[in-house]
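Subject: Handing over the structure

Hi there,

Here is the structure I promised you, with my notes underneath. Have a look at it first, and then read on for what turned up.

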Amino acid sequence: MSHIFPRHTKSAPPVAVSGAGCYLTDASGKQYLDASGGAAVSCLGHGDRTIIDAIKNQLDTLAYAHTGFFTSEPAEKLADLLVEHAPGDLDRVYLVSGGSEAMEAALKLARQYHYERGDMNRGRIIARKQSYHGNTLGALATGGNEWRRAQFAPLLMDVSHIDPCYEYRLRREGESLEDYGLRAANLLEEELQRVGPETVMAFVAEPVVGATAGALTAAPGYFKRIREICDRHGILLILDEVMCGMGRTGALFACTQEDVVPDILAIAKGLGAGYQPIGAMLCTSAVYDTIADGSGFFQHGHTYLGHPTAAAGAHAVVSALLDRNLIPRVTVQGDKLRRALQARFGQHANIGDIRGKGLFMGLELVEDRDTKAPYDPKRGLAGKIKKLAFENGLICYPMSGTIDGKSGDHVLLAPPFIIEDRQIDELVDKLDRSIEQALA
Ligand code: PMP
């Protein structure tokens, strides 16, 4: 009997034994095409020697040192590299062990920023429906995923959730994309007026929504208007690039594609590419200086902050993304993936929308293409597709999410940036077969 506490206790998962490139192999020898990098993690694919060697070298030199006493060379080098490529004056880096930790740090930094400025009433977060920001309590409260939150409701702080920018479902007949983007952003202003802007500390959003909405991109101008509204009211903008950052959408920092600089930015997943558990929170010098010139102490922290081995791995990952020109490749291979998905599913009666950016693509399933009616959640379509795809040797990321019951099942694709053309064909073939089996 296994003593592991699995995520799904009713079905034992196979034992993964090795990984190479875009494939994982289990103990029975079965191969899986990793078309979602786990959950948008494995951007370099599996078994990358350069990253493995960098980690081994660091282990030989210094595995760990506590940030209560030390900084370390790999942490410094990683921070320098990230800041060199980050937009605007995002020039301070706080290294943690994953996405939820990065978001948790972001929320507490936002609160401490206002607190140290004497703005004690600012404690409310405004975020969006159908979003996910992590599973720790602050991050879970911030996310707008009803299913994940439901049973933990008594533990969660009160957060405002406005509609996301969701063109496929929420744009009105005849409304231009630009007008819709502004209308969607103005929902933030409306919510601020409802709750009192002087009580709000931050607005939180993913530039491209991943897990809960299947690669939902914002309309042009949406984030610029959001930035304006935040500035007008002295509210911090926290962008969560845990999934969409680190090249996934074709830019190292996805916010640069929206032409906005947040006050605080969270990254993870692709930062460690699966080789090490790591995440980071970046903040602007204005936010940092408030703490540095005030109490001089960010009242937050974990044992594994700035972990030298994790930082060495992440430094090797980011260097590989840049030195191997992998980010422009994301755009090229992403276009091929989009075209292949369009060719195969563009006319499909039950696929209402094909969306995304770079190698971050989503399909939204509908019972009726004309009315956009979603499937009955009881049918568990996303779960079925995930299971059948896995049986067919394909790892993808189907999920169901709702905004007031208006949306439904989708499939998220986030393959490694090294994906070859023939693997894109394999992906689409296997996905097609799995969707047909699930719909049958
Ligand atoms: N934010 C976003 C946008 C995510 O997609 C995730 C993970 N799916 C998280 C935060 C949480 O990251 P982690 O699972 O590494 O804690």
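Helix H3 (residues 73-85) packs against helix H11 (residues 308-323) in this predicted model, the angle being about 35° and the axes lying 8 Å apart. Their crossing is left-handed. From H3, the contact draws on Pro74, Ala75, Lys77, Leu78, Leu81 and Leu82, while H11 supplies Pro308, Ala311, Ala312, Ala314, His315, Val318 and Ser319. By class, the residues of this contact are 10 nonpolar, 2 polar and 1 charged.

Next, the ligand. There are 15 residues around it, and Gly98, Gly99, Ser100, Gly134 and Val242 come nearest. Which helix gives the largest share of the shell around the ligand? That is helix H4 (residues 99-116), with 3 residues. The shell as a whole has 7 nonpolar, 6 polar and 2 charged residues.

Now to the strands, beginning with E5 (residues 124-128). Of the 5 residues in E5, 5 are buried. Both of its faces are covered: Arg124, Ile126 and Arg128 are buried on one side, and Ile125 and Ala127 on the other. You may like to look at the two arginines there, since Arg124 and Arg128 are among the buried residues. E5 pairs in the parallel sense with strand E7 (residues 200-205) through 3 bridges, and Ile126 has Phe203 of E7 as its bridge partner. E5 also pairs with strand E6 (residues 160-162), again in the parallel sense and over 3 bridges; here Ala127 is matched with His161 of E6.

Two open sheets are worth a look as well. One has 4 strands in the order E1-E2-E3-E15, and its pairing is mixed. Strand E1 (16-20) and strand E15 (394-395) are at the edges with a single partner strand each, so one side of each has no neighbour in the sheet. Strand E3 (residues 31-34) and E15 run parallel and are joined by 2 bridges, with Asp34 opposite Ile395 in E15.

The other open sheet also has 4 strands, ordered E13-E14-E17-E16, and the pairing is antiparallel. Which strands stand at its edges? They are E13 and strand E16 (397-400); each has a single partner strand, so one side of each is left without a neighbour in the sheet. From one strand to the next, the twist averages 20°.

Within this sheet, strand E13 (residues 351-357) is mostly covered, with 5 of its 7 residues buried. E13 and strand E14 (residues 360-365) form an antiparallel pair over 6 bridges, and Ile351 is bridged to Leu365 in E14. The hairpin of E13 and E14 has 2 residues between the strands, and Gly358 takes a positive phi near 60° there. At the other end of the strand order, E16 pairs with strand E17 (residues 409-413) in the antiparallel sense over 4 bridges. Ser400 has Asp409 of E17 as its bridge partner.

Two helices go with the sheet. Helix H12 (residues 326-345) packs on it and touches E13 and E14, its direction making about 15° with that of E14. Helix H13 (residues 381-391) lies across E14, E16 and E17, and runs at about 165° to E16.

Finally, three loop residues. Most residues other than glycine have a negative phi. Asn325 is not a glycine, yet its phi is positive, at about 55°. Asn325 sits in the loop between H11 and H12, and counts as exposed because it has 9 C-beta neighbours inside 10 Å. Lys372 is another non-glycine residue with a positive phi, of about 65°, and belongs to the loop between E14 and H13. Is Lys372 buried or partly exposed? Lys372 has 16 other C-beta atoms within 10 Å, so it is partly exposed.

Tyr304 is the third, found in the loop between helix H10 (285-292) and H11. With 18 other C-beta atoms within 10 Å, Tyr304 is partly exposed. Tyr304 and Ile278 are 26 residues apart along the chain, and their C-alpha atoms are separated by 9.5 Å.

Best wishes

How values were computed: Residues are numbered from 1 along each chain as its sequence is written. This is a predicted model: local features need pLDDT of at least 70, side-chain atom pairs count only at pLDDT 80 or more; totals for chains, interfaces and linings use all residues. Axes are lines fitted to C-alpha atoms, for helices over the stretch in contact, and angles run from 0 to 180 degrees between N-to-C directions. A crossing is left-handed if the near helix is turned anticlockwise from the far one by less than a right angle, and right-handed if clockwise. Two residues are in contact if their C-beta atoms, placed from the backbone, lie within 7 Å. Ala, Val, Leu, Ile, Met, Phe, Trp, Tyr, Cys and Pro count as nonpolar, Asp, Glu, Lys and Arg as charged, and the others, Gly among them, as polar. A residue is near a molecule or strand if its C-beta atom, placed from the backbone, lies within 6 Å of it. A residue is buried if 20 or more other C-beta atoms lie within 10 Å of its own, exposed if 12 or fewer, and partly exposed in between; C-beta atoms are placed from the backbone. Two strands pair if DSSP finds at least two bridges between them.
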